[in-house]
Amino acid sequence: MLICRFAAGDDIWYGALDGLGDDDEITEDTIVAPMAGHPFVEIRPEGSVLKAADIRLLAPVLPSKVVCVGKNYRAHAAEMDSEVPSEPLLFLKPSTSVIGPGDPIDLPWQSERVDHEGELAVVIGRMCKDVPVERVGEVIFGYTCANDVTARDLQKSDGQWTRAKGFDTFCPLGPWIQTELRAEDADVTVRVNGEVRQRSGIDAMVHGVGALVAYISSCMTLLPGDVILTGTPEGVGPLHRGDSVGVQISGIGTLTNPVRSEAP
Ligand code: ZN
């Protein structure tokens, strides 16, 4: 099932999306069935079905925290002149960095080099701690696309990553949540202005989804709606004002965001 969150008039709804096109994109035939309740508890259809083209999609989830994994693809670690760490390398993005599909990424004046990082995002569905690998499937609600936008120059000069990864608008999520994805069979493609910049199978990850959720939950309690960014493959590169960046994951869809500049 595809679960989206959207605005209609003054109201915000969750909805079930149906009838995507061949590339998992919204077409004239795509419909959204609004749902009452909350998808992490119970959802039931309510109200009349809408055309997806007539609604405004929002970030599909508002996480209490976004837990990220660094250097989880060998070829990306290599392009950063770095090794793959033996254990997952964790960092956080603040919840205030989250934006939805179509929302602009703001290039901050403090940075001269802001990169895209297309990633598979795991959406947690249940409060959990110390989840064994074999039970990880029970706590995953679904998957969405993410862009771990990074101020590369500040990441280097600060020596740690909070500011470089934490600016407002630096965590686009969406366009919706796929609850039935077989993550290891999917692939991720990032395009800037239509040109392919990153492309990889998800199976190239060093630490897979099960191992990551087990490892992270051995450290911190995960809450419903928390999001895990699983790392980016090779091909990261700069974004410029006026660009359009799309993160496509097969079986989910494409998260597209325009890029604008805060600078005067
Ligand atoms: Zn990343």
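Me: How many salt bridges are there between domain 1 and domain 2?
Reply: The count is zero. Keep in mind that this is a predicted model.

Me: Okay, and where do those domains sit along the chain?
Reply: The domain assignment puts domain 1 at 2-57 and domain 2 at 66-261. Their centres, taken over C-alpha atoms, are 24 Å apart. Domain 1 brings 12 residues to the contact and domain 2 brings 19.

Me: What area is buried between domain 1 and domain 2?
Reply: First the general idea: an interface's size is often quoted as the accessible area lost when the parts come together. Here that comes to about 1,100 Å², with carbon and sulfur atoms giving 64% of it. As for polar contacts, two residue pairs make them across this interface.

Me: Which strands supply the side of domain 1 that touches domain 2?
Reply: β1 (2-8) and β6 (56-58) each give at least two residues. The largest share, three residues, is from β1. Sorted by type, the residues on that side of domain 1 are nine nonpolar and three charged, with no polar ones.

Me: Back to salt bridges. How many does a search of the whole structure find?
Reply: It finds 16. Take K93 and D148, whose closest N and O atoms are 2.5 Å apart. This pair links distant parts of the chain, 55 residues apart: K93 is in strand β8 (residues 89-93), while D148 is in the loop between β13 (140-147) and β14 (150-151).

Me: Are K93 and D148 buried or exposed?
Reply: To read this, compare the relative accessible area with the cut-off: buried means under 20%. K93 has 2%, so K93 counts as buried. D148 has 1%, so D148 is buried too.

Me: Which residues are linked with K93 in a network of salt bridges?
Reply: R113, D115, E117, D148, R152 and K165 are in that network with K93.

Me: What about R135 and E138: how far apart are their closest N and O atoms?
Reply: They are 2.9 Å apart, in a salt bridge. R135 is partly exposed at 44%, and E138 is partly exposed at 40%. R182 and E184 also meet in a salt bridge, at 3.4 Å from N to O. There R182 counts as exposed, at 53%, while E184 is partly exposed at 43%.

Me: Last one: where is S111?
Reply: S111 lies in the loop between β10 (105-107) and β11 (114-116). With a relative accessible area of 11%, S111 is buried. A polar atom of the S111 side chain is 3.1 Å from the backbone nitrogen of R113. Leaving aside residues up to four places away in sequence, S111 touches A151, D153 and L154.

Note on methods. Residues numbered from 1 in each chain as written. Predicted model: local features only at pLDDT ≥ 70, side-chain atom pairs only at ≥ 80, totals over all residues. Heavy atoms only, no water. Domains from an automatic or database assignment. Contact = heavy atoms within 4.5 Å. Buried area = accessible area lost by both parts, 1.4 Å probe. Salt bridge = Lys/Arg side-chain N within 4 Å of Asp/Glu carboxyl O. Polar contact = N/O pair within 3.5 Å; in protein donor to acceptor, adjacent residues only side chain to side chain. Helix = DSSP H or I, 4+ residues; strand = E, 2+ residues; numbered from the N terminus. Nonpolar A, V, L, I, M, F, W, Y, C, P; charged D, E, K, R; others polar. Buried < 20%, exposed > 50% of the residue type's maximum accessible area, 1.4 Å probe, protein only.
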